[in-house]
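Reader: I'm new to this one and I'd like to know what stands behind the labels. Can we go through them together?

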Amino acid sequence: MNKTSSDYELIQQFVRGEQSCFEEIIRRHKNKVFAYISFYIRDQALVEDIFQDTFLKVIQSVKSGKYYDNGKFLSWVMRIAHNLIIDHFRRIKQMNTTSNDDYESDIFNSKKFSDANIEDTLIKRQIQKDVRTLIGRLPDDQKEVVILRHYAGLSFKEIAEITNVSINTALGRMRYALINMRKIMEEKQITLTIN
Amino acid sequence: MKNAKPMVLISTPFVAYHEIVVKETDLLEDAWGLNSVYSDVIQFLGEYKPEPENELISRLVELISEYK
């Protein structure tokens, strides 16, 4: 396995039996996929479940020959994650129960909390909350573009394809999103607290 | 002419196409000037980096090894 191999080359090697190639795929894309899911689901345990299911589904599809390379592996993975998120919300709706996605986990129960510096943890938590508030207050179409660009790391061409709009529309949505977020930052007097 | 310096020391060197690094740049985004005009907001977004814990990745790798 070569670290500079393309995603498709790694997938092919994985199908031929080299498991370490899929580990490299995970290493490459884990943060983007995890961040994407975290913005839609707040319950950490659920985020982790959907994250794992996404990669297991990728393996299932790859092994059954359902993935055809067109150089857009990450977009395809994001689509799988997106469908799993939608499935989750559908299930909740069917069960007619209250979602615990609005539940902010208690930081004092966090394992990380005791290990890391308390002040840093609190500041990070505050930033996390502020960023979530900022993005959460955007209209859905703008929110989607921001998450796909800044957290999933997709290009505007890929975003346009995933969201079924033109590249100019995707860019326009991003511009409105940035304008709106700046306005909210000014209103709420949100500033950077960590350099 | 006494103070004249060789051209290379006073002129901007030419940059060849292959020297311009655009690999990590979305040229469309760049053309719209989003990063330069809204750098404050973008910087703020960059402060939040959700990442999976190592334990989760280990569990996933284990699951994959069991997957037939």
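Author: Sure, starting with domains: their bounds come from an automatic or database domain assignment. For chain A, that assignment gives domain 1 (1–103) and domain 2 (107–195). Keep in mind that this is a predicted model.

Reader: What makes the two domains of chain A count as being in contact, and how many residues take part?

Author: Two residues are in contact if their C-beta atoms lie within 7 Å. The contact takes 9 residues from domain 1 of chain A and 9 residues from domain 2 of chain A. On the domain 1 side, α2 (19–40) and α4 (73–95) of chain A are the elements giving two or more residues. That side has 5 nonpolar, 1 polar and 3 charged residues.

Reader: How do you know where the largest nonpolar core lies relative to the domains of chain A?

Author: Look at who contributes. The core has 42 residues, and A:Y36, A:I37, A:I147, A:A152, A:I159 and A:M174 touch the most other members. At least two residues each come from α2, α3, α4, α6, α7 (140–151), α8 (156–163) and α9 of chain A, and from α4 (39–46) of chain B. Since domain 1 (1–103) and domain 2 (107–195) of chain A both give residues to this core, it lies between them.

Reader: What does A:I147 touch, leaving aside its neighbours within four places in sequence?

Author: A:I147 is in contact with A:Y36, A:F39, A:I135 and A:A152. There is also another core, apart from the largest one, with 6 residues, including A:L10, A:F14, A:C21 and A:F22.

Reader: Why are α7(A) and α9(A) called roughly perpendicular?

Author: Their axes cross at roughly 95 degrees and come within 8 Å. Angles of 65 to 115 degrees count as roughly perpendicular, so α7(A) and α9(A) get that name.

Reader: Which residues meet where α7(A) and α9(A) come together?

Author: From α7(A) there are A:D141, A:Q142, A:V145, A:V146 and A:R149, and they meet A:A170, A:R173, A:M174, A:Y176, A:A177 and A:N180 in α9(A). By class, this contact has 6 nonpolar, 2 polar and 3 charged residues.

Reader: Now the two chains. How many residues does each chain give to the contact, and which element of chain A gives the largest share?

Author: Chain A gives 31 residues and chain B gives 23. On chain A's side, the elements with two or more residues are α2, α3 (44–63), α6 (118–136) and α9 (167–187). The largest share, 9 residues, comes from α2(A). Chain A's side divides into 19 nonpolar, 7 polar and 5 charged residues.

Reader: What is chain B made of?

Author: Chain B has 5 helices and 0 strands, so along the sequence the pattern reads α-α-α-α-α. Of its 68 residues, 10% count as buried.

Reader: Why does B:V41 count as buried?

Author: The cut-off for buried is 20 or more other C-beta atoms within 10 Å. B:V41 has 23 C-beta neighbours inside 10 Å, so B:V41 counts as buried. This residue lies in helix α4 of chain B.

Reader: Which residues does B:V41 touch, not counting those up to four places away in sequence?

Author: B:V41 touches A:L178, A:M181, A:R182 and A:M185. As for B:S58, B:V41 is 17 residues from it in sequence and 34 Å from it in space, C-alpha to C-alpha.

Key
Residues are numbered from 1 along each chain as its sequence is written. Chains are lettered from A and ligands numbered from 1 in the order in which they are written. This is a predicted model: local features need pLDDT of at least 70, side-chain atom pairs count only at pLDDT 80 or more; totals for chains, interfaces and linings use all residues. Helices (H or I, at least four residues) and strands (E, at least two) are DSSP runs, numbered from the N terminus. Ala, Val, Leu, Ile, Met, Phe, Trp, Tyr, Cys and Pro count as nonpolar, Asp, Glu, Lys and Arg as charged, and the others, Gly among them, as polar. A nonpolar core is a set of buried Ala, Val, Leu, Ile, Met, Phe, Trp, Tyr and Cys residues joined through C-beta atoms within 7 Å. A residue is buried if 20 or more other C-beta atoms lie within 10 Å of its own, exposed if 12 or fewer, and partly exposed in between; C-beta atoms are placed from the backbone. Axes are lines fitted to C-alpha atoms, for helices over the stretch in contact, and angles run from 0 to 180 degrees between N-to-C directions. Angles under 35 degrees count as roughly parallel, over 145 as roughly antiparallel, 65 to 115 as roughly perpendicular and the rest as oblique.
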